[in-house]
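Visitor: I would like a close look at a single part of this protein, the pocket that stands out by its volume. Please take me through what surrounds that space, and then set it within the chain as a whole.

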Amino acid sequence: MTVAWTPHRFTGGLLALDTANTVVLRGDPERTFDRFDDPAEIARFADAASGFRAGELGDRRLTVSSPAAIAPIVLAIRETTDRLFRGTVSNGAVATADLPDFLRACAEGLAGCRTEIGVPGRPFGDPVTPIAFEAALAVSALSLLREDTLARLRICPNCTWLFVDRSRNSCRLWCDMAVCGNRQKASRHYRRRQMAAHEVKDA
């Protein structure tokens, strides 16, 4: 699969989580950055997500009418999604106090959208017709409220991204073993070597 824009790792498992993860290194004020600081990146992200999330979208393409115009809606869905479900993972339950803002943001994303969703084989409607990114994002975010999905939400201990654990035993630790998992392995290996070197030096 070839896409035109791939700086972002699509490891969340669902469009809404991939979008939440466009804020990199949340909670680290010295290193964090927002991929959507430039609204034009929303269109590039949507184009790439059409390929990376084709399975979730039922092959329906995402469109962006005007990145600047939809940016407030996209950011509202992104931030309320992250707050609600990051809290869910941390606390083991959905905080109803965070639901109104989340639902209002999703409603804004769906406003003006004329489509039908949820048909078997067509989870996001007719695959022949493109769907507005903000509408698809809202549908994806709302799908996170399913009980079976909530039980599999995780926060990566390396990059702090949200992801769905679809492993057979529901024991996946990293959002991406090839990236975050290997970084942690390399870090542990380095610390062990350093400790061994100090032990030899002190002997």
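Guide: In this predicted model, helix H6 gives the largest share of the lining of the largest pocket, namely three residues. The elements that supply two or more residues to that lining are H3, H6 and helix H7, the last of these covering residues 147-150. The lining comprises 14 residues, and those lying nearest the centre of the pocket are Leu14, Glu56, Ser143, Arg146 and Thr149. Sorted by class, the lining holds six nonpolar, three polar and five charged residues, and the space in the pocket comes to about 310 Å³.

Two of these lining elements, H3 (54-57) and H6 (133-143), also take part in covering the buried residues of helix H2, and the cover includes helix H1 (15-20), strand S3 (62-63) and helix H4 (67-91) as well. The buried residues of H2 are Glu41, Ile42, Phe45, Ala46, Ala48, Ala49, Ser50 and Gly51. Helix H2 has 13 residues, from 40 to 52, and because each residue should add 1.5 Å, a span of 18 Å is expected, which agrees with the 19 Å between its end C-alpha atoms.

As for the wider setting, the protein chain has eight helices and six strands, which follow one another along the sequence as α-β-β-α-α-β-α-α-β-α-α-β-β-α. Of its 203 residues, 41% count as buried, while the chain exposes about 11,100 Å², with carbon and sulfur atoms supplying 54% of that area. Among contacts in the chain with a separation of 6 or more, 63% are between residues 24 or more positions apart.

Definitions and conventions:
Residues are numbered from 1 along each chain as its sequence is written. This is a predicted model: local features need pLDDT of at least 70, side-chain atom pairs count only at pLDDT 80 or more; totals for chains, interfaces and linings use all residues. Side-chain values use heavy atoms; hydrogens and water are left out. Helices (H or I, at least four residues) and strands (E, at least two) are DSSP runs, numbered from the N terminus. The expected span of a helix is 1.5 Å times one less than its number of residues. Buried means under 20% relative accessible area, exposed over 50%, partly exposed in between (1.4 Å probe, protein chains only). Contact means heavy atoms within 4.5 Å. On a 1 Å grid over the protein atoms alone, a cavity is a set of points where a 1.4 Å probe fits but cannot get out, and a pocket is an open set with protein on both sides within 12 Å along at least five of seven lines; lining residues have an atom within 4 Å of a point. Grid points are joined across faces, edges and corners, and a volume is the space filled by probe spheres set on the points. Ala, Val, Leu, Ile, Met, Phe, Trp, Tyr, Cys and Pro count as nonpolar, Asp, Glu, Lys and Arg as charged, and the others, Gly among them, as polar. Accessible areas come from the Shrake-Rupley method with a 1.4 Å probe; for residues, only the protein chains shown count as cover.
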